[in-house]
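Biologist: I am new to this structure and would like to understand how it is put together. Please take me through it step by step.

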Amino acid sequence: IDLLNLPNQKLYQLANKLFNNQSTVNDFISYINSLPFFAINSKINYINENEVDIKVFITRIHGNDRIDNNSNKFINRLIKVKSYAWWLVLGYKDDEIISFKRFSHLSKSKDISFTISKIYDVNKIKLYMICDGIMGLDIVQKIT
């Protein structure tokens, strides 16, 4: 089930089936609505005959970038309040990592650049955005 794309009414119905306590249901809904949701765009610039610059534009549309005390009710492995960090990975043909960068704070938007060798076919490059704090928030997208 993709919880981030469920309408709130359906989310409440699901939460009521999972939890008996209305306070827990409300905490769960609040937690789901606070999860970050991103739009990712990319732009390819050919620097010279040997290098390609890939610019990635990340915009947070929804949610925040902190795990708070309410979140710990649903993410038991986290003991204290922390910010999540993100890994932006360029992958090639599903089995090779070209490059990766880590960032920890995304207030509204971020631009990240990768300069890679032109030996890679840009049509076969995928961008992976991976969260280190919550499973299931990962994004996979082809470079366009």
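Modeller: One definition is needed before we begin: helices and strands are DSSP runs, a helix having at least four residues (H or I) and a strand at least two (E), and they are numbered from the N terminus. Please also keep in mind that this is a predicted model.

Biologist: Understood. How many helices and strands are there in the protein?

Modeller: The protein has two helices and nine strands. Along the sequence they follow the pattern α-α-β-β-β-β-β-β-β-β-β.

Biologist: Which strands make up the open sheet, and in what order?

Modeller: The open sheet has three strands, in the order β1-β2-β7, and their pairing is antiparallel. Its edge strands are β1 (37-46) and β7 (109-117), each of which pairs on one side only. On average, neighbouring strands of this sheet are turned by 20° against each other, direction ignored.

Biologist: How many bridges hold β1 and β2 together?

Modeller: β1 and β2 pair in the antiparallel sense over 10 bridges. N41, for instance, stands opposite F57 in β2. The two strands are also joined by a hairpin, which passes through four residues.

Biologist: And on the other side, how many bridges join β2 to β7?

Modeller: Nine bridges join β2 (residues 51-62) to β7, and these strands run antiparallel. One pair to look for is V56 with I112, its bridge partner in β7.

Biologist: Let us move to β5. Is it mostly covered or open?

Modeller: Strand β5 (residues 86-92) is mostly covered, as six of its seven residues are buried. It pairs with β6 (residues 96-103) in the antiparallel sense over seven bridges, and it pairs with β8 (residues 125-131), again antiparallel, over seven bridges.

Biologist: Which residues stand opposite each other there?

Modeller: Towards β6, W87 stands opposite R102. Towards β8, the bridge partner of L88 is M129, and V89 stands opposite Y128.

Biologist: What lies between β5 and β6?

Modeller: The two strands form a hairpin with three residues between them. In the turn, K93 has a positive phi of about 55°.

Biologist: Where do the side chains of β8 point?

Modeller: They alternate along the strand. I125, L127, M129 and C131 point to one face and are buried, whereas K126, Y128 and I130 point to the other face and are not buried. β8 also pairs with β9 (residues 139-142), antiparallel, over four bridges; in that pairing Y128 stands opposite V140.

Biologist: What about the core? Which residues have the most contacts inside the largest nonpolar core?

Modeller: That core has 32 residues, and those with the most contacts inside it are I54, I58, L88, L90, I116 and I125. At least two residues each come from α1 (8-18), α2 (22-34), β1, β2, β5, β6, β7 and β8. α2 gives the most, with five residues. For the protein as a whole, 35% of the 144 residues count as buried.

Biologist: Turning to the surface, which residues make the nonpolar patch?

Modeller: W87, I97, F100 and I130 make a nonpolar surface patch of about 380 Å². F100 lies in strand β6.

Biologist: Why is F100 called partly exposed?

Modeller: Because its relative accessible area is 49%, and exposed would require over 50%.

Biologist: A change of topic: how many salt bridges are there?

Modeller: The count comes to two salt bridges. Side chains of opposite charge can pair when their charged atoms come close. In one salt bridge the side chains of D53 and K55 meet at 3.3 Å, N to O; in the other, those of D94 and K126 meet at 3.0 Å, N to O.

Biologist: Why does the pair of D94 and K126 tie together parts that are apart in sequence?

Modeller: D94 lies in the loop between β5 and β6 while K126 lies in strand β8, so the pair ties together parts that are 32 residues apart in sequence.

Biologist: Are the four residues buried or exposed?

Modeller: They vary. D53 counts as buried at 9% relative accessibility, and its partner K55 is partly exposed at 30%. D94 is exposed, with a relative accessible area of 59%, and K126 counts as partly exposed at 24%.

Key: Residues are numbered from 1 along each chain as its sequence is written. This is a predicted model: local features need pLDDT of at least 70, side-chain atom pairs count only at pLDDT 80 or more; totals for chains, interfaces and linings use all residues. Side-chain values use heavy atoms; hydrogens and water are left out. Two strands pair if DSSP finds at least two bridges between them. Axes are lines fitted to C-alpha atoms, for helices over the stretch in contact, and angles run from 0 to 180 degrees between N-to-C directions. Buried means under 20% relative accessible area, exposed over 50%, partly exposed in between (1.4 Å probe, protein chains only). Patches are made of residues with over 30% relative accessible area and no salt bridge: like charges are joined within 9 Å, nonpolar side chains (Val, Leu, Ile, Met, Phe, Trp, Tyr) within 5 Å. Accessible areas come from the Shrake-Rupley method with a 1.4 Å probe; for residues, only the protein chains shown count as cover. A salt bridge is a side-chain nitrogen of Lys or Arg within 4 Å of a carboxyl oxygen of Asp or Glu. A nonpolar core is a set of buried Ala, Val, Leu, Ile, Met, Phe, Trp, Tyr and Cys residues joined through side-chain atoms within 4.5 Å.
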